[in-house]
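Please open the model in your viewer and keep the sequence panel visible. The tour below proceeds by selection, from the whole chain to individual side chains.

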Amino acid sequence: MLARPYGAAGSSGMPGARLSSSPETLRTALYDRVPGAVKAETCRQVFEEIRRRVGKIHCSLIPIGAYLPRKFMKDHHASPEDAVQIHLALGSSWSVGCHWGTLRQKALEHVLDPPKVVQAELERRKMKPTDFEVMKHGETRGIVVQGGMVSKI
């Protein structure tokens, strides 16, 4: 899990902006731990600890694919429902679902299902669809962070 302020490798290039990226979300969060972090029993606790240490996260890239069967994948990859919970635990202004739809991998869900499941979870939680978005393959977005607010362009 990375949360990088301006000037760090891979940073956004905007002063004060923080980008969060979680490549192997659950395995990293629960087993590898954030260096020096308190022992966490749940994934949510790890991401809340990141929020406490780093502060405001402006944009999060959160994996949503390769999550079934849960019995096997739950310790490695976030489900779309987990991803929305991670977004909330981080307090991210805007999150983007990633790590889905390009390779079959060893997961059982259809490669195009994750965005639909994210949308259903957002509806279930009565959240705005613009809080956590899944872009089309090849789509790009620009963001501007000013005064702690994220504007998408």
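The stops that follow begin with the overall chain and then turn to a helix pair, two residues and the salt bridges.

**The whole chain**

This is a predicted model, in which local features need pLDDT of at least 70 and side-chain atom pairs count only at pLDDT 80 or more, while totals for chains, interfaces and linings use all residues. Residues are numbered from 1 along each chain as its sequence is written, and side-chain values use heavy atoms, with hydrogens and water left out.

Select the protein chain and display it as a cartoon. Its secondary structure comprises five helices and seven strands; helices (H or I, at least four residues) and strands (E, at least two) are DSSP runs, numbered from the N terminus. Along the sequence, these elements follow the pattern β-β-α-α-β-α-α-β-α-β-β-β.

Switch to a surface next. The protein chain exposes about 8500 Å², of which carbon and sulfur atoms supply 56%; accessible areas come from the Shrake-Rupley method with a 1.4 Å probe, and for residues only the protein chains shown count as cover. Of the 153 residues, 36% count as buried. Buried means under 20% relative accessible area, exposed over 50%, and partly exposed in between (1.4 Å probe, protein chains only). Among contacts (heavy atoms within 4.5 Å) with a separation of 6 or more, residues 24 or more positions apart account for 63%.

**Helices α2 and α4**

Select residues 43-54, helix α2, together with residues 80-90, helix α4. How do their axes lie? They come within 8 Å and cross at roughly 30 degrees; axes are lines fitted to C-alpha atoms, for helices over the stretch in contact, and angles run from 0 to 180 degrees between N-to-C directions. Show the side chains of C43, R44, F47, E48, I50 and R51 on α2, and of Q85, I86, L88, A89 and L90 on α4, since these residues make the contact. By class, the contact has seven nonpolar, one polar and three charged residues. Ala, Val, Leu, Ile, Met, Phe, Trp, Tyr, Cys and Pro count as nonpolar, Asp, Glu, Lys and Arg as charged, and the others, Gly among them, as polar.

**V46 and H87**

Now pick V46 in helix α2. V46 is buried, with a relative accessible area of 7%. A distance label between the C-alpha atoms of V46 and L90, 44 residues apart along the chain, should read 9.3 Å.

Move to H87 in helix α4. Is H87 buried or exposed? At 3% relative accessibility, H87 is buried. Beyond its neighbours within four places in sequence, H87 contacts I62, S92, S93, W94, S95, M127, D131 and F132.

**Salt bridges**

Finally, display the acidic and basic side chains. The count comes to seven salt bridges, each a side-chain nitrogen of Lys or Arg within 4 Å of a carboxyl oxygen of Asp or Glu.

- Select D82 and R70, which meet in a salt bridge at 2.8 Å, N to O. D82 lies in helix α4 and R70 in helix α3 (residues 70-73), twelve residues apart. D82 is partly exposed at 26%, as is R70 at 24%.
- Select E121 and R125, whose closest N and O atoms are 2.7 Å apart. E121 is buried at 6%, whereas R125 is partly exposed at 28%.
- Select R141 and E133, with closest N and O atoms 3.2 Å apart. R141 is partly exposed at 33%, whereas E133 is buried at 14%.
- Select E49, R52 and R53, which are linked in a network of salt bridges.
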